[in-house]
Amino acid sequence: MLISLTPLRDRRERVMGYALSAYPEDTAGAPLSPDDEARRTLEQVPQLSRMVGRSLVVPITPALVRDGTISRFASLDAVWLVASEALDDAMTQRAVDRLIGSGLHFALQGFPEVEPLPPSLAGSAVVLDAARTPAPLLERRVRVLLEAGLRPLVRGVDDRATRHRVLSAGVLLYTGRQLIRGASAAADRTTEDSILRAIAMLAAFSDGRPPDESFDRFVRDDPHVAASLLKALSSAAVGARGPRSVSRAITMLGRDAIIERLVAVTARLIGEAAHDPELALTALRRARLCERVGTALDEAPHPRARVVAGLLSTLEFALASPLPIIAQRLALPPALRDALDAREQPLGQLLDVVDAMEYGWWDDLVMRCRRLGIRPQMVADAWLETWKSARDELGIIRPDSF
């Protein structure tokens, strides 16, 4: 089962939870029924809930609502998404009322067309699909839901015009692909310069060459990088206090260890530039995912090149500038330049796979994986593993502790 988690954002761009989507990549025979697909997804929900530390919106079928399968998940921070028309069935509606009474939370998929909702669902979220609903109708339905005391959640917000339209209509939460911020939300100049210099330095040694004195000077003299690096090294792993200077850190750990830690430092700076902790996690997760999955590519680039490609793929969100323009500001090897712009080479094509995995574009994921000769399930498994490892690497204990 392929699993993807898409952030749910509020009107202030803060991540409030994650929408779960699943796809049965390998059924080993006859296709699974919707109920069997939902059961297989449920097996992973407890692990996913612990991993993300925020509320999950989990699709569920009416049959699993009626038979009480989800009652054992009452202690999880989860919202169970059921089709609105399922409440037309009296048994399903009674089951929903019973489960709400035991502490579970429900959301509805689709606009309730006919019957009024039961009182137990007052204040619940109703999920609308921006891609399948004409704009005027979507806006009207959002206002109707708000007037009824419900919480509209719009998914498929994949462009800035749609985001502006649904937020103007009063949408409280939305989900979709990561969008480039407006110029007014761009990073401050000094942080932006530090990010670009850090990536240029990583790219300079992306062929595996050992770092030299120019690397020492950079990590020592750049104020943002030096401060973030010393903060990252202040742990029991390197002593009670950690090194008090970058020069001391290089002496203690060596250049190779410092260049490895620079990856997480750069991801952290990307999040700070965007004022979005989620983007730091996304940047490091993409970097580590490219590092792992890239080993399956023909003539796989050096691990450092794969890591840099993952970081590059998030720059447009932090710097409020399209990737082709950012490419003009960086001196990059051909494979990394292609990853920023055309994505015609294997490393760039791998970033298209990462995008499809991040947003749950399953048909696109399967097609692109087939093109590269890799299994979608391998990508999905690596994606979950790198999510956990990126949280550990950034030192994220709680969602708000970044």
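**Cysteines, strand pairing and enclosed space**

The count of disulfides in this predicted model comes to zero. Cysteine 290 is in no disulfide, and the nearest cysteine sulfur, that of cysteine 369, is 12 Å away. A disulfide requires a pair of cysteine sulfur atoms within 2.5 Å. Cysteine 369 is likewise in no disulfide, its nearest cysteine sulfur being that of cysteine 290 at 12 Å. Is cysteine 290 buried or exposed? Its relative accessibility is 0%, so cysteine 290 counts as buried. Cysteine 369 also counts as buried, because its relative accessibility is 0%.

The strands can be followed from the start of the chain. β1 and β2 pair in the antiparallel sense over eight bridges, and proline 7 has tyrosine 18 in β2 as its bridge partner. Four residues lie between the strands of this hairpin, where glutamate 13 takes a positive phi near 75°. β2 also pairs with β3, here in the parallel sense and over three bridges. In that pairing, glycine 17 stands opposite serine 55 of β3.

Further along, β6 and β7 run parallel and are joined by five bridges. Valine 126 has proline 152 in β7 as its bridge partner. Between β6 and β7 the chain passes through helix α5, residues 135–147, in a right-handed β-α-β crossover. β7 in turn runs parallel to strand β8, residues 173–175, with three bridges joining them. Here leucine 153 has leucine 173 in β8 as its bridge partner. The path from β7 to β8 goes through helix α6, residues 160–168, and this β-α-β crossover is right-handed as well.

Several of these strands return in the lining of the largest pocket, which holds about 1,100 Å³ of space. Its lining comprises 35 residues, and those closest to the centre are Leu20, Ser21, Ala22, Pro59 and Arg155. Two or more lining residues come from each of β1 (2–10), β2 (15–23), α1 (34–42), β3 (55–59), β4 (78–83), β6 (125–129) and β7 (151–155). Which element gives the most to this lining? It is β2, with five residues. By class, the pocket lining has 20 nonpolar, nine polar and six charged residues.

Apart from the pocket, the structure holds two cavities of 30 Å³ or more. The largest cavity contains about 150 Å³ of space. It is lined by 16 residues, with Pro7, Arg9, Gly176, Gln178 and Tyr359 nearest its centre. Proline 7 is the residue already met as the bridge partner of tyrosine 18 in β2. At least two residues of the cavity lining come from each of β1, β8, α12 (277–293) and α17 (346–359). The lining of the largest cavity divides into five nonpolar, five polar and six charged residues.

The second largest cavity has a volume of about 60 Å³. Which residues line the second largest cavity? They are Arg9, Glu13, Arg163, Tyr174, Arg177, Gln178, Leu179 and Arg181. By class, this lining has two nonpolar, one polar and five charged residues. Glu13 in this lining is the hairpin residue with the positive phi near 75°. Arg9 and Gln178 line this cavity and are also among the residues nearest the centre of the largest cavity.

Methods
Residues numbered from 1 in each chain as written. Predicted model: local features only at pLDDT ≥ 70, side-chain atom pairs only at ≥ 80, totals over all residues. Heavy atoms only, no water. 1 Å grid on protein atoms, 1.4 Å probe; cavity = no way out; pocket = protein on both sides within 12 Å on 5 of 7 lines; lining within 4 Å. Points joined across faces, edges and corners; volume = space filled by probe spheres on them. Nonpolar A, V, L, I, M, F, W, Y, C, P; charged D, E, K, R; others polar. Buried < 20%, exposed > 50% of the residue type's maximum accessible area, 1.4 Å probe, protein only. Pairing = 2+ DSSP bridges. Right-handed = clockwise from strand over helix to strand, strands pointing away.
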